[in-house]
Amino acid sequence: MKKTTPILAATWLALSATTALAQDKPALAFVVNAASDFWKLAEAGVTAAQAELPGYELQFRYPAQGSAALQNALMDDLVAAGTDAIMISSADPKNSIDAFNRIAAQVPLFTTDSDAPQSDRIAYLGSSNTLAGNQAGEIAVGAMPNGGKCMGFVGFLGADNAKERIAGFRETVEGKGIELVDVRGDDVDFARARSNVDDVLAANPDITCMVGFYSYNPPKIYEALQAAGKLGEITVIAFDEDPITLGAVREGSFAGTVVQDPYQWGYQGMKLMAAYLEGDKSGIPADGLIIVPTKIIDKANVDAFEAELKQRIGG
């Protein structure tokens, strides 16, 4: 039998201790609804939180596809692997209640981006999607004083975040001569998101305004309008901070965009879950809603906003 030298034995013991410590760390997971560049900021927030939570293992997880079934399966896997708390942006909250309650019975469950208030989740941390829709409506009212007909584009028509944004938009433009004629869903299929815009341009010549309700919709609107030679002819109201969207706002092709703060979702979400696991529930409001404000970005403030983004993601 080969003998172990004292130095090698000490090294092995140190490595074993480190591994054991790593395994003993509570694990927190942030689960998103689909692969999208939008989530890079949330991931940066989780990374920032990790530096302040050395006693925890923080994970940022994407489902294989943007479906509730795969999200819920991913949460089951996380729980089975020993994850201690989960924050999720659900692709289909209303049809995931049973799955959410199953998870919530095992570990603390929080929501972000799209809430599931009928479930046993502890709290929602994210935007007020209704207020964000109101802000999109404000952009439309300012850009179209004579009114117009709008077509909306979104990923999941059934998700609460989509329905609340749409309702908020309609509420604000009511009585202003602006009509949201319809909203086309694409289930986070980027090719379909583009073809939806192409189809509207071909079949609905009376549309004078387009609203991209998810982060990737405005860039697809931009691509389609550019290809059709109609940039600047159709008023575009956007959501979120894709580089193409911000560039379009800067050049005046888009009237403006409503931005959320996913960085804070990741950062505050991890801190909130860690505190909860430690027995500190003071950060949980009575109504279970922790709202991170949204804001309007237009030509006047787009440069300052983009500089802030680059600083956060290390660009």
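This report describes the chain, one of its helices, its empty spaces and three single residues in a predicted model.

## The chain as a whole

The chain is built from 11 helices and 12 strands. Its C-alpha trace spans about 85 × 40 × 35 Å along the principal axes.

Of the 315 residues in the chain, 51% are buried. Contacts can also be sorted by how far apart their partners lie in sequence. Among contacts between residues at least 6 apart in sequence, 72% join residues at least 24 apart.

## Helix α4 and its buried face

Helix α4 covers residues 97-104, and its buried residues are Ile-97, Ala-99, Phe-100 and Ile-103. Seen down the axis of α4, these residues fall within an arc of 160°, so they line one face of the helix. An α-helix has 3.6 residues a turn, so residues three or four places apart point the same way.

What do the buried residues of α4 pack against? Their partners are helix α3 (68-80) and the two strands β3 (85-88) and β4 (109-111).

Asn-72 belongs to helix α3. With a relative accessible area of 10%, Asn-72 is under the 20% cut-off and therefore counts as buried. Leaving aside neighbours within four places in sequence, Asn-72 is in contact with Ser-96, Ala-99, Phe-100 and Arg-102. Two of these names, Ala-99 and Phe-100, also appear among the buried residues of α4.

## The cavity

Rolling a probe the size of a water molecule over the atoms shows where empty space is left. The structure holds 1 cavity of 30 Å³ or more. The volume of the largest cavity is about 150 Å³.

Which residues lie nearest the centre of the largest cavity? They are Asn-33, Phe-38, Asp-113, Tyr-214 and Ser-215, out of a lining of 14 residues. By class, the lining of this cavity has 6 nonpolar, 5 polar and 3 charged residues. Domain 1 (27-127 + 261-284) and domain 2 (129-259) each give at least three residues to the lining of the largest cavity.

## The largest pocket

The largest pocket contains about 440 Å³ of space. Its lining consists of 21 residues, and those nearest its centre are Asp-37, Phe-38, Glu-241, Asp-242 and Pro-243. Four helices give two or more residues to this lining: α2 (40-52), α8 (217-228), α9 (243-251) and α11 (302-312).

The lining of the largest pocket divides into 10 nonpolar, 2 polar and 9 charged residues. At least three of its residues come from each of domain 1 (27-127 + 261-284) and domain 2 (129-259). Phe-38 is named among the residues nearest the centre of the largest cavity and among those nearest the centre of the largest pocket.

## Two residues with positive phi

Asp-187 is a residue other than glycine with a positive phi, near 55°. Asp-187 sits in the loop between β7 (178-185) and α7 (190-203). Its relative accessibility is 45%, so Asp-187 counts as partly exposed.

Asp-240 is not a glycine either, and its phi is positive at about 75°. Asp-240 is found in the loop between β9 (235-239) and α9. Is Asp-240 buried or exposed? Asp-240 is buried, because its relative accessible area is 2%, and buried means under 20%.

Technical notes:
Residues numbered from 1 in each chain as written. Predicted model: local features only at pLDDT ≥ 70, side-chain atom pairs only at ≥ 80, totals over all residues. Heavy atoms only, no water. 1 Å grid on protein atoms, 1.4 Å probe; cavity = no way out; pocket = protein on both sides within 12 Å on 5 of 7 lines; lining within 4 Å. Points joined across faces, edges and corners; volume = space filled by probe spheres on them. Nonpolar A, V, L, I, M, F, W, Y, C, P; charged D, E, K, R; others polar. Domains from an automatic or database assignment. Buried < 20%, exposed > 50% of the residue type's maximum accessible area, 1.4 Å probe, protein only. Arc of directions from axis to C-beta. Contact = heavy atoms within 4.5 Å.
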